[in-house]
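Me: I would like to learn how to read the main features of a structure like this one, taking the sheet first and then the contacts. Could you go through them with me?

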Amino acid sequence: MLNDLTIATAAKRLRRGELSAVDLTRAALDRIAATDLALNAFLTVTADAALAAAAAADAALKRGVGVGPLTGIPIAIKDVIATKGVRTTAASKILDGFVPSYDATVTSRLKDAGAVIVGKVNCDEFAMGSSNENSAYGVTRNPWDLARVPGGSSGGSAASVAAGQALAALGTDTGGSIRLPAAYTGIVGLKPTYGRVSRFGVIAYASSLDQVGPLARDVTDAALLLGVLAGHDPRDSTSVDRPVPDYAAAIAGGVAGAHSLRVALPREYFGAGLQPEVERAVRAAADVLRDAGAVLHEASLPHTEYGVACYYVLAPAEASSNLARYDGIRYGLRAPSAASLLDLYRDTREAGFGREVKRRIMLGTYVLSSGYYDAYYLKAQKVRTLIRRDFERVFADADVIVTPVAPTTAFRIGEKATDPLAMYLSDVLTIGVNLAGLPAIVAPCGRDASGLPIGLQIVGPPFGEEIVLRAARAFEAATDWHALRPPDVAGREAPP
Amino acid sequence: MKLSVDRIRHVALLARLALTPEEERELAATLDQILAHMDTLSRLDTTDVEPTAHVAAVETPWRDDVVTNAPDTAALLANAPARDDDLFLVPKIID
């Protein structure tokens, strides 16, 4: 099946002339048409542009010139990432008809590498959410069980890759938004170090935390994509000017990559509230690494329990500032016939933002407001330092940290929708990585009794992408969880 | 209850949101619960701890003060919800 190919395999067949980019792209578009009634992963499908790009890719492949690492590969892009001439909504009504006049740097990098963009995928509105239920365009469903969430906020990215609608997708991760959906849908997701990948043209949620990364079928593809995405961008002042290593070389050792790897297991990440099957699968995954030559030890990240409180002060504070730009003047929705400029702002924002976005804007405005700044915002920034130091201490004796991604497997649609705090707490095991700015990869490592995927999280020190990829590839090479595919949902409709 | 509806209304004005009465009630309740969870931060002694605003040790980057993006009025106005020729149109702000 063309839809089941990895990028590495497809690229090889494309170069040998055994497969055409047009056929591969058609297969992806057919798959989207057949499955998206059930999944609702795509907000915009760019079929014509994709077929034109595929034809150009075939021409390049035939000539043997201008062939990049992603030539002819169908890829989906999360709808918070700007695509020139293609509607970009951030899954919000306030940007319903917004068409960017430029590409995000990550979009240009994909195009320059030859990728075929098949469309824009669903997410939580402005990337705020852990389930994809906050999209203004309806929830994306988990291909493993249509009654369950795909995780958020990059839920459309994850569902599209898991269900074979695209070979890979771009996501963004502010508090776990690449890793949680990757875990819930049984694929690989990589959140790079803060500063490794440009944020230029990425619709901002929380600027000190946001980072773009790939969702892919396996670790090899994630490494390949990171090599395309990473690197300094003068248009993002937080992008770090540092050479991009050869990530493919980092994983070339396969299972031998685990040899002498020092692996820390933080006890706080295996605490109460963890679904027993999740704990068993992640500990078994650590044992796989040990059997391959890694050295395991227990460690402590003592401020873990404060992560959610810290994050949900800082991220909404930054969001309340970032989202001030949606005022109904220059682009996006404008409420009709407002009497004054103030009413125009207030009515536009009231009509354009969804409930969770309003909640975070209110929360952020509150914690930054006069009299509360020190107690909440400044306090949270100091706690962020403590969380960062926890990781620094552990990395003094460890190459990577291995943890579960989420306390449970994918939950049911509607299960947490009326309890925002319960939803926030599902981010407890991913948030620390963002607060500390670290790289982390998620790979599938098991299934629970209902057959739902379980993810393994491997965290590295700053700019330690090579080592987390190496560890994840070693695990993957010793197991076959990454080969599992969800049931075919072609022709099915979404359950009521 | 820490957050009165009056306080919610004040914050909504700062945030430029015209909330409905139902939203005001719902937000008062959920923000109260969320802020109670955030109060756990006060258990930590952070007296001598420096705040982290940013994890990347990036100095302010400098470049020459030259225009790198050519002006493109048509592209910039293409998404405007209301315009008059080459201008954004807004409600009257000065009488």
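Reply: Let us begin with pairing, keeping in mind that this is a predicted model. Two strands are said to pair if DSSP finds at least two bridges between them. With that in hand, strand E4 (residues 168-172) of chain A and strand E6 (residues 212-216) of chain A are joined by five bridges and run antiparallel, and within this pair Leu170(A) stands opposite Pro214(A) in E6(A).

Me: How many strands form the sheet of chain A, and in what order?
Reply: A sheet is read from one strand to its neighbour. In chain A, 11 strands form an open sheet with mixed pairing, and the order is E1-E3-E2-E4-E6-E5-E10-E11-E9-E7-E8. Its edges are strand E1 (42-45) and strand E8 (295-299) of chain A, each of which pairs on one side only, and neighbouring strands are turned against each other by 30 degrees on average, with direction ignored.

Me: Which helices pack on the strands E1 and E3 of chain A, and at what angles to E3(A)?
Reply: Here one reads the contacts and the angle together. Helix H2 (residues 21-39) of chain A lies across E1, strand E2 (74-78) and strand E3 (116-121) of chain A, and runs at about 20 degrees to E3(A). Helix H3 (residues 47-63) of chain A also packs on the sheet, where it touches E1 and E3 of chain A, but its direction makes about 160 degrees with that of E3(A).

Me: Are the two faces of strand E5 of chain A covered or exposed?
Reply: The general idea is that in a regular strand the side chains alternate between the two faces of the sheet. In strand E5 (residues 188-191) of chain A both faces are covered, since Val188(A) and Leu190(A) on one side and Gly189(A) and Lys191(A) on the other are all buried. As for its neighbours, E5(A) pairs with E6(A) in the antiparallel sense over two bridges, with Ala216(A) as the bridge partner of Val188(A). Three bridges join E5(A) to strand E10 (residues 440-447) of chain A, again antiparallel, and there Gly189(A) stands opposite Val442(A).

Me: Where is Thr88(A) found, and is its position buried or exposed?
Reply: A residue in a loop can be read by its accessibility and its contacts. Thr88(A) is found in the loop between E2 and helix H4 (105-112) of chain A, and it counts as buried because its relative accessibility is 1%, the cut-off being under 20%. Its side chain makes a polar contact with the side chain of Thr83(A) at 3.1 Å, and the residues that Thr88(A) touches include Asp79(A), Leu95(A), Phe98(A), Lys120(A) and Ile203(A).

Me: How far apart are the closest N and O atoms in the salt bridge of Arg283(A) with Glu279(A), and what separates these residues in the helix?
Reply: A salt bridge is best read with its place in the fold and the accessibility of both partners. Arg283(A) and Glu279(A) form one with the closest N and O atoms 2.8 Å apart; being four residues apart in helix H9 (residues 276-291) of chain A, they are separated by about one helical turn. Arg283(A), at 33% relative accessibility, counts as partly exposed, as does Glu279(A) at 23%.

In helix H13 of chain A, Arg393(A) and Asp390(A) lie three residues apart, about one turn, and form a salt bridge at 3.6 Å between the closest N and O atoms. Arg393(A) is exposed, with a relative accessible area of 54%, whereas Asp390(A) is buried, at 2%. For Lys358(A) and Glu350(A), whose closest N and O atoms are 3.2 Å apart, both residues are buried.

Me: How many residues of chain A are in contact with chain B, and how many salt bridges cross the interface?
Reply: An interface is read from its residues, its area and its polar pairs. Here 66 residues of chain A are in contact with 52 residues of chain B, and about 5,200 Å² is buried between the chains, with 67% given by carbon and sulfur atoms. Five salt bridges are found across the interface; in one salt bridge, Arg43(B) is joined to Glu305(A) with the closest N and O atoms 3.8 Å apart. The count of residue pairs in polar contact between the two chains is 20. H13(A) gives the largest share of the side of chain A that touches chain B, 12 residues.

Terms used
Residues are numbered from 1 along each chain as its sequence is written. Chains are lettered from A and ligands numbered from 1 in the order in which they are written. This is a predicted model: local features need pLDDT of at least 70, side-chain atom pairs count only at pLDDT 80 or more; totals for chains, interfaces and linings use all residues. Side-chain values use heavy atoms; hydrogens and water are left out. Axes are lines fitted to C-alpha atoms, for helices over the stretch in contact, and angles run from 0 to 180 degrees between N-to-C directions. Contact means heavy atoms within 4.5 Å. Buried means under 20% relative accessible area, exposed over 50%, partly exposed in between (1.4 Å probe, protein chains only). A polar contact is a pair of N or O atoms within 3.5 Å; within protein, one must be able to donate a hydrogen and the other to accept it, and residues adjacent in sequence count only if both atoms are side-chain atoms. Buried area is the accessible area (1.4 Å probe) that two parts lose on being put together, summed over both. A salt bridge is a side-chain nitrogen of Lys or Arg within 4 Å of a carboxyl oxygen of Asp or Glu. Lists of a residue's contacts leave out its neighbours within four places in sequence.
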